[in-house]
Amino acid sequence: MKKEQIRLLIRAHKALLSSEERKNSAIKVWEAVERTGAFIMAERVLLYNSLPDELDTHSFIEKWQNKKRLYLPRVNGVTLDILPCDGREMPTGAFCISEPVGTDVERIENIDLVIVPAVAYDRTGSRVGRGKGYYDRLLASTLATKIGVGYDFQVIDDIIETDSHDVPVDIVITENRTIRAIIKNKTNT
Ligand SMILES: Nc1nc2c(c(=O)[nH]1)N(C=O)[C@@H](CNc1ccc(C(=O)N[C@@H](CCC(=O)O)C(=O)O)cc1)CN2
Ligand SMILES: Nc1ncnc2c1ncn2[C@@H]1O[C@H](COP(=O)(O)OP(=O)(O)OP(=O)(O)O)[C@@H](O)[C@H]1O
């Protein structure tokens with residue numbers, strides 16, 4: 001299936017979710033994330049500030065804000081800057097996402113774990129994003145563990161047709177499953 005087709009299908013499916021279902025799924029996903037070795041071991045974690053149509057991250061960020069060093073992305077042209085999520089107020093930035101302020105940009109090399117949003121995943125960890133390539137550019141230069149989160153229907157049975165720039169995740173976590181990608185994504189280990 002082509003990426004654009006997948007985006008349309010998933011958008012339609014998401015529109016059917018009740019707020020109760022959204023909330024319950026998020027609780028289960030974050031409980032499963034907390035059980036992974038990658039999360040337990042991680043000191044610096046890059047999260048995303050969820051949009052209404054994404055798996056909610058707000059309660060999770062609040063819970064862990066003072067226990068780990070959390071970071072959020074901020075759009076800078078075609079790339080993402082990584083800023084600490086330190087509890088300060090976050091104004092609405094690009095694409096209506098609340099983004100951290102300040103100049104304390106962190107290097108992606110220093111991040112231990114990246115929690116990645118996506119529109120869809122397949123069971124090998126390949127992902128379809130929102131089509132702007134921000135995460136592909138960011139993840140191209142990290143050895144951090146990458147956990148993709150989402151609702152269970154965001155994991156599709158088809159294998160996603162990928163391009164050479166696409167960076168897969170290592171683990172996909174939904175309310176029903178934790179999928180460890182079959183293909184090892186790191187080339188130097
Ligand atoms: N919560 C969250 N933060 C994120 C991302 C994300 O996907 N989710 N990003 C991931 O890259 C980066 C921002 N990139 C984004 C790119 C497109 C859209 C978006 O809403 N696109 C619309 C189409 C708008 C258009 O084409 O102009 C859409 O998907 O319907 C949002 C964020 C960094 N921060
Ligand atoms: N590492 C990269 N360097 C330069 N351009 C890139 C890179 N990765 C992706 N792109 C460009 O970004 C655009 C969108 O790519 P794609 O459709 O794969 O995005 P996506 O995976 O859905 O989005 P995202 O990675 O933001 O979640 C493409 O035109 C692609 O050429």
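**Close-up 1. Asp152 is a buried residue that pairs with Arg177**. In this predicted model, Asp152 has 16% relative accessibility and so counts as buried (under 20% relative accessible area; exposed is over 50%, partly exposed in between, with a 1.4 Å probe and protein chains only). Its partner Arg177 is partly exposed at 32%. The two form a salt bridge (a side-chain nitrogen of Lys or Arg within 4 Å of a carboxyl oxygen of Asp or Glu), with the closest N and O atoms 2.9 Å apart. Asp152 lies in the loop between strands S7 (145-149) and S8 (171-173), and Arg177 in the loop between S8 and strand S9 (178-180), 25 residues apart. Helices (H or I, at least four residues) and strands (E, at least two) are DSSP runs, numbered from the N terminus.

**Close-up 2. Arg130 meets Glu54 in a salt bridge**. The N to O distance is 3.2 Å. Arg130 sits in the loop between strand S6 (127-128) and helix H5 (134-139), while Glu54 sits in the loop between strand S1 (44-46) and helix H4 (58-64), 76 residues apart. Glu54 is buried at 13%, whereas Arg130 is partly exposed at 46%. A network of salt bridges links both residues with Asp53.

**Close-up 3. Asp86 and Arg88 form a salt bridge**. Their closest N and O atoms are 3.2 Å apart. Asp86 is partly exposed at 45%, and Arg88 is partly exposed at 48%. The structure holds 11 salt bridges.

**Notes.** Residues are numbered from 1 along each chain as its sequence is written, and chains are lettered from A and ligands numbered from 1 in the order written. Local features need pLDDT of at least 70 and side-chain atom pairs count only at pLDDT 80 or more, while totals for chains, interfaces and linings use all residues; side-chain values use heavy atoms, leaving out hydrogens and water.
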